[in-house]
Amino acid sequence: MPGPVDTPLPRRSFLAVAAVGALGLTVAGCGGDDDGGDTTTATEQPTTPATTETQSAAGSGTLAIAMKDIQFTPKVATAKVGQKVVWTNEDSVPHDVRALKGESFQSETFGKGGTYSFTPKKAGTIEYDCSLHPGMVGTLKVVA
(Lines give C-alpha, C1' and ligand atoms only; values in the text may rest on other atoms or scores of the structure.)
Protein backbone atom coordinates (compact mmCIF):
# COMPACT_ATOMS: atom_id res chain seq x y z
CA MET A 1 0.00 0.00 0.00
CA PRO A 2 1.56 3.34 -1.01
CA GLY A 3 2.28 5.80 1.74
CA PRO A 4 1.50 9.53 1.81
CA VAL A 5 4.87 10.31 0.16
CA ASP A 6 3.86 8.46 -3.05
CA THR A 7 0.61 10.34 -3.78
CA PRO A 8 1.83 13.94 -4.39
CA LEU A 9 4.03 13.03 -7.42
CA PRO A 10 1.17 11.78 -9.68
CA ARG A 11 -0.94 14.75 -8.61
CA ARG A 12 1.89 17.17 -9.44
CA SER A 13 2.40 15.46 -12.80
CA PHE A 14 -1.29 15.80 -13.60
CA LEU A 15 -1.28 19.47 -12.60
CA ALA A 16 1.82 20.13 -14.72
CA VAL A 17 0.21 18.50 -17.77
CA ALA A 18 -3.01 20.46 -17.20
CA ALA A 19 -1.06 23.73 -16.89
CA VAL A 20 0.86 23.08 -20.12
CA GLY A 21 -2.39 22.27 -21.92
CA ALA A 22 -4.04 25.45 -20.68
CA LEU A 23 -1.02 27.49 -21.78
CA GLY A 24 -1.20 25.93 -25.24
CA LEU A 25 -4.85 26.89 -25.59
CA THR A 26 -4.08 30.42 -24.43
CA VAL A 27 -1.26 30.83 -26.98
CA ALA A 28 -3.41 29.39 -29.77
CA GLY A 29 -6.06 32.06 -29.12
CA CYS A 30 -3.64 35.00 -29.42
CA GLY A 31 -2.92 37.11 -32.48
CA GLY A 32 -4.64 39.37 -34.92
CA ASP A 33 -5.38 39.51 -38.62
CA ASP A 34 -4.86 42.93 -40.12
CA ASP A 35 -4.37 42.02 -43.77
CA GLY A 36 -7.72 40.63 -44.80
CA GLY A 37 -6.36 37.08 -45.17
CA ASP A 38 -8.44 34.15 -44.01
CA THR A 39 -7.76 32.03 -40.96
CA THR A 40 -10.06 29.02 -40.97
CA THR A 41 -10.38 25.56 -39.53
CA ALA A 42 -9.56 22.27 -41.18
CA THR A 43 -12.88 22.25 -43.07
CA GLU A 44 -11.27 24.22 -45.89
CA GLN A 45 -8.97 21.82 -47.71
CA PRO A 46 -6.35 23.00 -50.23
CA THR A 47 -6.64 21.45 -53.68
CA THR A 48 -2.95 21.41 -54.65
CA PRO A 49 -0.69 19.15 -52.57
CA ALA A 50 2.61 20.64 -51.35
CA THR A 51 4.91 17.66 -51.14
CA THR A 52 8.04 18.80 -52.96
CA GLU A 53 10.82 21.20 -52.01
CA THR A 54 9.67 23.63 -54.71
CA GLN A 55 6.01 23.78 -55.64
CA SER A 56 5.06 25.48 -58.91
CA ALA A 57 1.84 27.18 -59.88
CA ALA A 58 0.82 24.66 -62.50
CA GLY A 59 -2.79 25.81 -62.72
CA SER A 60 -5.11 28.38 -61.25
CA GLY A 61 -6.12 26.16 -58.30
CA THR A 62 -5.16 26.71 -54.69
CA LEU A 63 -1.49 26.41 -53.78
CA ALA A 64 -1.05 24.45 -50.54
CA ILE A 65 1.86 24.94 -48.14
CA ALA A 66 2.09 22.58 -45.17
CA MET A 67 3.42 23.51 -41.75
CA LYS A 68 4.94 20.21 -40.68
CA ASP A 69 7.87 19.24 -38.44
CA ILE A 70 8.38 22.94 -37.58
CA GLN A 71 9.01 23.89 -41.21
CA PHE A 72 7.13 25.03 -44.29
CA THR A 73 6.74 22.38 -47.00
CA PRO A 74 7.67 23.30 -49.64
CA LYS A 75 10.22 25.85 -48.43
CA VAL A 76 10.07 27.62 -51.81
CA ALA A 77 6.76 27.78 -53.67
CA THR A 78 5.63 29.55 -56.83
CA ALA A 79 2.15 31.02 -57.26
CA LYS A 80 0.50 33.14 -59.94
CA VAL A 81 -0.86 36.60 -59.26
CA GLY A 82 -4.44 36.07 -58.04
CA GLN A 83 -3.87 32.43 -57.02
CA LYS A 84 -4.97 31.59 -53.48
CA VAL A 85 -2.17 30.30 -51.23
CA VAL A 86 -3.20 28.27 -48.17
CA TRP A 87 -0.91 27.38 -45.27
CA THR A 88 -2.16 24.40 -43.20
CA ASN A 89 -0.82 23.53 -39.76
CA GLU A 90 -0.11 19.79 -39.62
CA ASP A 91 1.91 20.04 -36.38
CA SER A 92 0.57 19.55 -32.88
CA VAL A 93 2.02 22.95 -31.90
CA PRO A 94 0.56 26.35 -32.89
CA HIS A 95 1.99 28.37 -35.78
CA ASP A 96 1.41 31.64 -37.59
CA VAL A 97 2.45 33.08 -40.96
CA ARG A 98 4.11 36.50 -41.15
CA ALA A 99 5.46 38.28 -44.24
CA LEU A 100 9.00 39.56 -43.69
CA LYS A 101 9.78 41.04 -47.11
CA GLY A 102 7.92 41.69 -50.35
CA GLU A 103 4.41 41.90 -48.85
CA SER A 104 2.60 42.75 -45.64
CA PHE A 105 0.49 40.12 -43.88
CA GLN A 106 0.31 38.45 -40.46
CA SER A 107 -1.99 35.60 -39.53
CA GLU A 108 -3.40 34.82 -36.15
CA THR A 109 -1.82 31.92 -34.28
CA PHE A 110 -3.59 28.69 -35.19
CA GLY A 111 -3.36 25.06 -34.10
CA LYS A 112 -3.32 21.70 -35.84
CA GLY A 113 -5.73 21.56 -38.76
CA GLY A 114 -6.05 25.36 -38.90
CA THR A 115 -5.34 27.28 -42.09
CA TYR A 116 -4.41 30.76 -43.25
CA SER A 117 -4.86 32.00 -46.80
CA PHE A 118 -3.45 34.87 -48.80
CA THR A 119 -3.97 35.85 -52.43
CA PRO A 120 -1.07 37.82 -53.96
CA LYS A 121 -2.04 40.77 -56.12
CA LYS A 122 1.37 41.52 -57.68
CA ALA A 123 4.41 39.63 -58.93
CA GLY A 124 7.53 39.43 -56.76
CA THR A 125 9.20 37.42 -54.03
CA ILE A 126 7.68 37.17 -50.56
CA GLU A 127 9.79 35.96 -47.67
CA TYR A 128 7.77 34.78 -44.67
CA ASP A 129 8.17 32.98 -41.35
CA CYS A 130 6.43 31.61 -38.30
CA SER A 131 7.08 34.19 -35.58
CA LEU A 132 6.78 31.48 -32.92
CA HIS A 133 9.58 29.26 -34.26
CA PRO A 134 12.92 30.85 -35.20
CA GLY A 135 14.30 29.32 -38.39
CA MET A 136 10.86 28.33 -39.70
CA VAL A 137 11.01 30.34 -42.93
CA GLY A 138 9.71 30.10 -46.48
CA THR A 139 9.69 31.90 -49.81
CA LEU A 140 6.76 32.51 -52.12
CA LYS A 141 7.65 33.48 -55.69
CA VAL A 142 4.71 35.21 -57.34
CA VAL A 143 4.67 35.28 -61.15
CA ALA A 144 2.38 37.15 -63.55
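**Figure 1. Overview of the predicted model and its confidence.** The mean pLDDT of the chain is 75, and 58% of its residues reach 70 or more. The model is predicted, and local features are described here where pLDDT is at least 70. Over residues 3–54, pLDDT stays under 50. For that stretch the model has 66 contacts beyond four places in sequence. The chain holds 1 helix and 10 strands, in the order α-β-β-β-β-β-β-β-β-β-β along the sequence. Of its 144 residues, 33% count as buried. Among contacts in the chain with a separation of 6 or more, 51% join residues 24 or more positions apart.

**Figure 2. The aromatic pair of Phe 72 and Tyr 128.** The structure holds 6 aromatic pairs. In one of them, Phe 72 and Tyr 128 meet edge-to-face, with 4.8 Å from centre to centre and 75° between the planes. This pair links distant parts of the chain: Phe 72 belongs to strand S4 (residues 72–73) and Tyr 128 to strand S9 (residues 124–129), 56 residues apart. Phe 72 counts as buried because its relative accessibility is 1%, under the 20% limit. Tyr 128 is also buried, with a relative accessible area of 0%.

**Figure 3. The aromatic pair of Trp 87 and Phe 105.** The rings of Trp 87 and Phe 105 form a tilted pair, 5.7 Å centre to centre with 45° between the planes. Trp 87 sits in strand S6 (residues 85–89), whereas Phe 105 is in the loop between strand S7 (98–101) and strand S8 (115–118). The two residues are 18 apart, and the pair links distant parts of the chain. Trp 87 has 0% relative accessibility and so counts as buried. Phe 105, at 4% relative accessibility, counts as buried too. Both residues belong to one aromatic cluster, formed by Phe 72, Trp 87, Phe 105, Tyr 116, Phe 118 and Tyr 128.

**Figure 4. The largest nonpolar core and the surroundings of Val 97.** The largest nonpolar core has 20 residues. Those with the most contacts inside this core are Phe 72, Trp 87, Val 97, Phe 105, Tyr 128 and Leu 140. At least two core residues come from each of strand S3 (63–67), S5, S6, S8, S9 and strand S10 (137–143). S3 gives the most, with 3 residues. Which residues does Val 97 contact, leaving aside its neighbours within four places in sequence? Its partners include the aromatic residues Phe 72, Trp 87, Phe 105, Phe 110, Tyr 116 and Tyr 128. Val 97 is also in contact with Met 67, Gln 106, Ser 107 and Asp 129.

**Figure 5. Strand S10 between its pairing partners S5 and S9.** S10 pairs with S5 in the parallel sense over 5 bridges. S9 and S10 run antiparallel and are joined by 6 bridges. On the S5 side, Lys 80 stands opposite Val 143 in S10. On the S9 side, Thr 125 has Lys 141 in S10 as its bridge partner. Val 76 is found in strand S5 (residues 76–80). The C-alpha atoms of Val 76 and Lys 141 are separated by 7.4 Å, although the two residues are 65 apart along the chain. Val 76 is partly exposed, with a relative accessible area of 23%. This value lies between the limits of 20% and 50%, which means that Val 76 counts as neither buried nor exposed.

**Figure 6. The salt bridge of Arg 98 and Asp 129.** Side chains of opposite charge can pair when their charged atoms come close. The count in this model comes to 1 salt bridge. In this salt bridge the side chains of Arg 98 and Asp 129 meet at 2.7 Å, N to O. Arg 98 lies in strand S7 and Asp 129 in strand S9, so the pair ties together parts that are 31 residues apart in sequence. Are the two partners buried or exposed? Arg 98 is partly exposed, with a relative accessible area of 28%, whereas Asp 129 counts as buried at 9% relative accessibility. Asp 129 is also among the contacts of Val 97.

Definitions and conventions
Residues numbered from 1 in each chain as written. Predicted model: local features only at pLDDT ≥ 70, side-chain atom pairs only at ≥ 80, totals over all residues. Heavy atoms only, no water. Phe/Tyr/Trp six-rings, centres within 6.5 Å; stacked < 30°, edge-to-face > 60°. Helix = DSSP H or I, 4+ residues; strand = E, 2+ residues; numbered from the N terminus. Buried < 20%, exposed > 50% of the residue type's maximum accessible area, 1.4 Å probe, protein only. Core = buried A, V, L, I, M, F, W, Y, C linked by side-chain atoms within 4.5 Å. Contact = heavy atoms within 4.5 Å. Pairing = 2+ DSSP bridges. pLDDT = per-residue confidence, 0-100. Salt bridge = Lys/Arg side-chain N within 4 Å of Asp/Glu carboxyl O.
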